[in-house]
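My notebook is open, and I want to write down what I look up as I go. Here is the structure I'll be working through.

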Amino acid sequence: MARKTGLVTGSSGLIGSEAVSFLDERGWSVHGVDNNMRRDFFGEHGDTTWNLERLRNSTRRFEHHDVDIRDREAMLRLVDEVKPDLIIHAAAQPSHDLAASRPFDDFDVNAVGTLNLLEAARRSCPESPFAFLSTNKVYGDAPNELPLVELETRWDYADPAQKDGIDETCRIDASMHSLFGASKVAADVLVQEYGRYFGMPTVCFRGGCLTGPHHSGAELHGFLAYIARAIRERRTYRIFGYKGKQVRDNIHSYDVCTAIMAFHERPVPGAVYNLGGGRANSISVLEAIHRLEELLGHKLEREYVEEARLGDHICYISDLGRLRSDFPEWEVTISLEQILSQLADAEVPAVS
Ligand SMILES: NC(=O)c1ccc[n+]([C@@H]2O[C@H](COP(=O)([O-])OP(=O)(O)OC[C@H]3O[C@@H](n4cnc5c(N)ncnc54)[C@H](O)[C@@H]3O)[C@@H](O)[C@H]2O)c1
């Protein structure tokens, strides 16, 4: 059988690097696109050079391209040369908070960069599945309209019928998104449109918290990885509002890749799935601090900031019903406890 070729954008980042390893281990040739813009966004903490080196040393058929996805001509050329059997688009400006100070960069990378890739795929490989890492921020703060109860260490949904969390029918407009959420909505709708209008096999995975040991955790993005880093490096961690009881569901980057591969095997045009760890992998900020302190053996310096992040979710759990029903073979295989242990043991280089 001919060897398959994948193209992964954001290949030095958390999801992209996991996707590169995942495909490489399964015998694919993989082209990665990443210009280390995470360093430009988040400073030294965001530097992904260590992760690129790790990939270079651990893969067999990986070719790195230091290219900016905003460079339309370069993207059209690369996709045409490679004609990948699968595109995994994970390059992004991923932070809610950063977008407000870098609105043009945020939109150009998240929305226009996605359009560049979609159009490149339409011209050169329209039959190849195109998987886009979207986000639960496309729902803006609409999920906060659900009635909540305050428990000792977390918020939770008040209505037991809502216990599985937010599904894909949640509206995406008429709510506060942050500029990041808005640029991702633009990209999400474009990805759906290339499926519906052109019949291409595209999918949006609306991520909850995606995590794993290869995250270059920064204060503005990657909350579990950053708490682990802050404890390890004796940094002060700031909690923003909601008493630290805000809840996220967490999924390991490996389980993100198995969901992408399930779609690759049975693609349909314009699919949309929520993708998170579900209730079993949900945790509040306070609970995460407590458990990571136990695992790392000392206390976190923390500071409480009364004002919550604008548009922040109070309790967000991904309802995985649609994904499980379309792909019954897919499951979350890495538990929250395993994720936390991996983060506690992670070898992310310290930054002074
Ligand atoms: N990590 C999460 O919790 C989470 C949650 C929901 C959705 N997502 C989405 O998943 C995707 C991947 O997230 P991640 O956590 O792996 O982020 P990440 O920041 O670790 O990886 C993104 C990579 O893209 C690269 N990049 C940024 N701009 C680029 C550009 N212009 N050209 C080329 N490369 C560029 C960065 O250098 C970085 O290595 C993003 O689209 C993000 O919005 C992530």
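**Entry 1: around the ligand**

How many nonpolar, polar and charged residues does the shell around the ligand have? I looked it up by class: the shell has 14 nonpolar residues, 12 polar ones and four charged ones. Before going on, I noted that this is a predicted model.

Next I checked which residues surround the ligand. There are 30 of them, and the closest are Asp34, Arg38, Asp68, Lys184 and Gly208.

Then I went through some polar atoms. Lysine 184 has a polar side-chain atom 2.6 Å from an oxygen atom of the ligand. The side chain of asparagine 35 has an N or O atom 3.2 Å from a nitrogen atom of the ligand. With leucine 133 it's the backbone: one of its N or O atoms there lies 3.2 Å from a ligand oxygen.

I also looked up how covered the ligand is. Taken alone it exposes 830 Å², and the protein buries 97% of that.

Which elements give two or more residues to this shell? I wrote down helix H1 (14-25), helix H2 (37-42), strand E5 (130-135), helix H6 (178-196) and strand E9 (209-211). E5 gives the most, with three residues.

**Entry 2: cysteines**

I went looking for disulfides, and the count came to zero. Why does cysteine 170 have no bond to another cysteine? The closest cysteine sulfur, in cysteine 315, is 13 Å from the sulfur of cysteine 170, and that is too far for a bond. A disulfide needs the two sulfur atoms within 2.5 Å. I checked cysteine 257 as well: the nearest cysteine sulfur belongs to cysteine 209 and is 17 Å away, so there is no disulfide here either, given the 2.5 Å cut-off.

Are these cysteines buried or exposed? Cysteine 170 has 18% relative accessibility, so it counts as buried. Cysteine 257 is buried too, at 3%.

**Entry 3: helix H8**

Cysteine 257 is one of the buried residues of H8, so I moved on to that helix. Helix H8 runs over residues 253-265, which makes 13 residues. From its first C-alpha to its last it reaches 19 Å, close to the 18 Å expected at 1.5 Å a residue.

Why do I call H8 largely enclosed by the rest of the structure? Because 11 of its 13 residues are buried. Among them I listed Ser253, Asp255, Phe263 and His264.

**Entry 4: two buried polar side chains**

Where is glutamine 246? I found it in the loop between strand E10 (236-240) and strand E11 (247-252). Its relative accessibility is 4%, so it counts as buried. A polar atom of its side chain lies 3.1 Å from the backbone oxygen of phenylalanine 240. For the backbone oxygen of glycine 241, the distance to a polar atom of that side chain is 3.3 Å.

Arginine 206 is in strand E8 (residues 202-207). With a relative accessible area of 3%, this arginine is buried. What does its side chain make polar contacts with? I noted the side chain of tyrosine 139, at 3.1 Å, and the side chain of aspartate 188, at 2.9 Å.

**Entry 5: positive phi**

Most residues other than glycine have a negative phi. So I wrote down two residues with a positive value, asparagine 36 and serine 178. Phi of asparagine 36 is near 55 degrees, and this residue sits in the loop between strand E2 (29-33) and H2. Phi of serine 178 is near 75 degrees. Serine 178 lies in helix H6 and counts as buried, at 18% relative accessibility.

**Entry 6: pairs along the chain**

Last, I compared sequence with space for two pairs. Glycine 16 lies in helix H1 and counts as buried, at 0% relative accessibility. How many residues separate glycine 16 and aspartate 34 in sequence? They are 18 residues apart, and their C-alpha atoms are 9.0 Å apart in space.

Histidine 45 is in the loop between H2 and helix H3 (49-58). At 14% relative accessibility, this histidine counts as buried. Histidine 45 and tyrosine 226 are 181 residues apart in sequence, yet 9.3 Å apart in space, C-alpha to C-alpha.

Terms used
Residues are numbered from 1 along each chain as its sequence is written. This is a predicted model: local features need pLDDT of at least 70, side-chain atom pairs count only at pLDDT 80 or more; totals for chains, interfaces and linings use all residues. Side-chain values use heavy atoms; hydrogens and water are left out. A residue is near a molecule or strand if one of its heavy atoms lies within 4 Å of it. A polar contact is a pair of N or O atoms within 3.5 Å; within protein, one must be able to donate a hydrogen and the other to accept it, and residues adjacent in sequence count only if both atoms are side-chain atoms. Accessible areas come from the Shrake-Rupley method with a 1.4 Å probe; for residues, only the protein chains shown count as cover. Helices (H or I, at least four residues) and strands (E, at least two) are DSSP runs, numbered from the N terminus. Ala, Val, Leu, Ile, Met, Phe, Trp, Tyr, Cys and Pro count as nonpolar, Asp, Glu, Lys and Arg as charged, and the others, Gly among them, as polar. Buried means under 20% relative accessible area, exposed over 50%, partly exposed in between (1.4 Å probe, protein chains only). The expected span of a helix is 1.5 Å times one less than its number of residues.
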